[in-house]
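The following exchange examines how several structural labels are justified. Each label is set against its cut-off.

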Amino acid sequence: MRLFLLLQHLRVKHTHSLRARLMTTSIGHATPERAAELKESLAEIRQRVEAAGAKTASRTRPATLVAVSKYKPASDVLACYDAGQRDFGENYVQELVDKAAQLPQDIRWHFIGSLQSNKAKILASIPNLYAVQTVSSVKGATALHKALPADRPTPLNVLLQVNTSGEDAKSGVPPLTTGSPPAPLPAQADIDASELVQLAKRILMECPRLHLQGLMTIGSLAESLAAAEKPNEDFARLVGTRDALEAALERAGFRREDGKWGEEGRLLLSMGMSSDFEAALAAGSDIVRVGTGIFGARPKKEEVPVKGQ
């Protein structure tokens, strides 16, 4: 009987392994020229990320590079995967669903697009969804939490999106800083009552299937273009907001040593893209999101129809 069960286990394991290989090889592969181009671009960005991160004396963990494959074919993702990349980001739910179904299951997918509550169930169905970086409301967080399967092995990482630039076109909650250059809000009571602190507390109290990993921002183009001339104030706002939020959570009884939020007692920061990731890393970013720098220029949105959007 034991021998029979062992053979059954091995047969199932082999079937799953074969299915995973077939799933990966069923997509078209990049041409050798395209694969070599992607490998070279990825290696260059990795080297720059490592070099910029090494200059930050306070850094306790290596920076994470998220390769943003928006509008790019699954074959491009697979070429980067074969070059050792595991963290990938997508802006559109259906594009992420389609690619996740075709590509290896050990990819860590980061959703970095606008989070709509009615798409939470689709997102939550992706088994290797690693993080949603754009949570900005209790409604969105609750929808994600409720949609996650009860047998998910680990909580889903979420980052709260902060609108550090104050631009109407950008999503996110207001930062916990004021003025230029940024300074913390003067009144502790204002910080504790802020939308960001209340959102973080709701996640910690009511959403055990979510892990509050950190904060994310998309800074203004003007600050990004001026990064070589002066410190980026949007990045400084996120750093100040992170520090203020951590202090507010501790005042509310959520101690950093309990491991309920962040990583190693610190909320992570996701800031910096292709044009300014080195400045972001110098400012203390833990996660950078690079698309064009790796994959090249993207086609226009209207040229790439995305199902289900």
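Buried means under 20% relative accessible area, exposed means over 50%, and partly exposed lies in between, with a 1.4 Å probe and protein chains only. This is a predicted model, in which local features need pLDDT of at least 70 and side-chain atom pairs count only at pLDDT 80 or more, while totals for chains, interfaces and linings use all residues. Residues are numbered from 1 along each chain as its sequence is written, and side-chain values use heavy atoms, with hydrogens and water left out.

Q: Why is Tyr71 called buried?
A: Tyr71 has 10% relative accessibility, and therefore counts as buried.

Q: What makes the phi of Tyr71 notable, and where is the residue found?
A: Phi of Tyr71 is near 70°, a positive value in a residue other than glycine. Most residues other than glycine have a negative phi. Tyr71 is found in the loop between β1 (64-68) and α3 (74-82); helices (H or I, at least four residues) and strands (E, at least two) are DSSP runs, numbered from the N terminus.

Q: Why is Glu264 called exposed?
A: The relative accessibility of Glu264 is 65%, so Glu264 counts as exposed. Its phi is near 55°, again a positive value in a residue other than glycine. Glu264 is placed in the loop between α10 (233-251) and β9 (268-270).

Q: What makes the peptide bond from Ser180 to Pro181 cis?
A: Omega of this bond is near 0°, and the bond is cis. Most peptide bonds are trans. Pro181 lies in the loop between β6 (177-178) and β7 (183-184).

Q: How many disulfides are there under the distance rule?
A: A disulfide is a pair of cysteine sulfur atoms within 2.5 Å. By this rule the count is zero disulfides.

Q: How do you know whether Cys80 and Cys207 are buried or exposed?
A: Cys80 has 1% relative accessibility and so counts as buried. Cys207, at 4% relative accessibility, counts as buried too.

Q: Why is the contact of Glu37 with Arg34 called a salt bridge?
A: A salt bridge is a side-chain nitrogen of Lys or Arg within 4 Å of a carboxyl oxygen of Asp or Glu. The closest N and O atoms of Glu37 and Arg34 are 3.2 Å apart, so the pair forms a salt bridge. Side chains of opposite charge can pair when their charged atoms come close. Because Glu37 and Arg34 are three residues apart in helix α2 (residues 32-54), about one helical turn separates them.

Q: What makes Glu37 partly exposed, and how is Arg34 classed?
A: Glu37 has 42% relative accessibility and therefore counts as partly exposed. Arg34 has a relative accessible area of 19%, so Arg34 is buried.

Q: How do you know that Arg48 and Glu44 meet in a salt bridge?
A: The N to O distance between their side chains is 3.9 Å, so Arg48 and Glu44 meet the salt-bridge rule. Both lie in helix α2, four residues apart, about one turn of the helix. Arg48 is partly exposed because its relative accessible area is 27%, and Glu44 is partly exposed because its value is 47%.

Q: Why is the pair Glu257 and Arg255 counted as a salt bridge?
A: The N to O distance is 3.7 Å, so Glu257 and Arg255 form a salt bridge. Glu257, at 56% relative accessibility, counts as exposed, whereas Arg255, with a relative accessible area of 43%, is partly exposed. Salt bridges that share partners join Arg242, Asp243, Glu246, Glu250, Arg256 and Arg266 into one network. By the salt-bridge rule the count comes to 21.
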